[in-house]
Amino acid sequence: MCTDHQWINNAVRKLEADFQRSADTHLIKLDLPSIDGIDVYLKDESTHPTGSLKHRLARSLFLYAICNGWIGPETTVIESSSGSTAVSEAYFARLLGLPFIAVMPKCTARKKIEQIEFYGGKAHLVDRSDQIYAESRRLAEELDGHYMDQFTYAERATDWRGNNNIANSIFSQMKMEDHPVPSWIVMSQVQAARRQLLDALSATSSTTPNCVWLILRTQCSMTTLKRAMLTSLATVVARLKALDVRALNQALSRVWWMKCARFRMRQVSQRFTG
């Protein structure tokens with residue numbers, strides 16, 4: 001249990017300062033005049049410093065663990081993840097000057113390991129994916145560290161009413177729009193983020209049948225973006241009006257080129273950081 005209140009206050013300040021520097025991700029209204037009466041918005045979570053929606057979760061997990069006294073100035077942070085959560089947690093561990101270890105199966109893509117190492121983290125490889133949880137707990141005990149355990153604490157660390165989560169972000173950005181409460185939310189199966197959005201929707205008193213939100217979780221190719229969004233949006237819009245695929249392709253292409261410019265600027269800047 002960390003009782004160094006000066007370190008705790010400084011760590012929280014650093015996390016909040018990172019939030020202030022990062023601002024918020026863009027909510028882009030797609031230009032689809034052929035779909036009359038339906039507003040379509042793309043929430044671009046790939047513009048976070050670590051490139052994915054999990055940047056929000058990682059910040060919340062660190063705040064939760066620090067405020068509970070589980071992380072101190074010399075704590076090794078451990079996570080069972082081979083994905084974007086581990087990358088984002090490595091980023092925040094480096095921000096606080098803490099060692100970070102991601103426990104992952106040997107089959108993990110080399111690119112993902114390199115992303116974790118870029119932020120100063122280490123990859124601890126195990127033979128099978130079902131071994132990562134027990135090994136994470138073992139390492140935490142052996143090193144007197146903290147096992148972040150995202151799947152246990154994500155629900156407790158984030159709250160749709162605030163603390164920088166995606167539901168709070170989108171509803172704030174939608175306040176001045178014609179239809180601030182959507183009829184549909186289109187995204188992949190990400191439990192924490194989906195639960196925040198659904199909880200927030202259930203707390204609203206009005207409904208509007210003219211608005212769709214698309215959520216881009218992480219960096220991807222233009223082909224992947226179009227395929228995912230076309231498939232998801234077609235399912236929704238088919239129940240309402242005919243979908244002009246060419247118009248959506250053009251709208252997504254414009255968004256993609258905007259994304260590429262920002263992403264390449266970040267790639268260039270990262271070469272000079274270490």
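This report describes strand S4 and its neighbours, and then turns to Asp44 in strand S2.

The structure is a predicted model. Strand S4 covers residues 100-105, and because 6 of its 6 residues are buried, the strand is largely enclosed by the rest of the structure. In a regular strand the side chains alternate between the two faces of the sheet. Phe100, Ala102 and Met104 point one way from S4, while Ile101, Val103 and Pro105 point the other way, and all of these residues are buried.

S4 pairs with two strands, S3 and S5, as the table sets out.

| Strand paired with S4 | Sense | Bridges | Residue facing Val103 of S4 |
|---|---|---|---|
| S3 (residues 77-80) | parallel | 4 bridges | Ser80 |
| S5 (residues 122-126) | parallel | 5 bridges | His124 |

Val103 therefore appears in both pairings, since it is the bridge partner of Ser80 and stands opposite His124 in S5.

Helices connect with these strands in two units. Strand S3, helix H3 (residues 84-96) and strand S4 make a right-handed β-α-β unit, and S4, helix H4 (residues 110-118) and S5 likewise make a right-handed β-α-β unit.

Elsewhere in the chain, Asp44 lies in strand S2, which spans residues 39-44. With a relative accessible area of 0%, which falls under the 20% cut-off, Asp44 is buried. The side chain of Asp44 also makes a polar contact with the side chain of Ser46, at 2.6 Å.

Notes. Residues numbered from 1 in each chain as written. Predicted model: local features only at pLDDT ≥ 70, side-chain atom pairs only at ≥ 80, totals over all residues. Heavy atoms only, no water. Buried < 20%, exposed > 50% of the residue type's maximum accessible area, 1.4 Å probe, protein only. Polar contact = N/O pair within 3.5 Å; in protein donor to acceptor, adjacent residues only side chain to side chain. Right-handed = clockwise from strand over helix to strand, strands pointing away.
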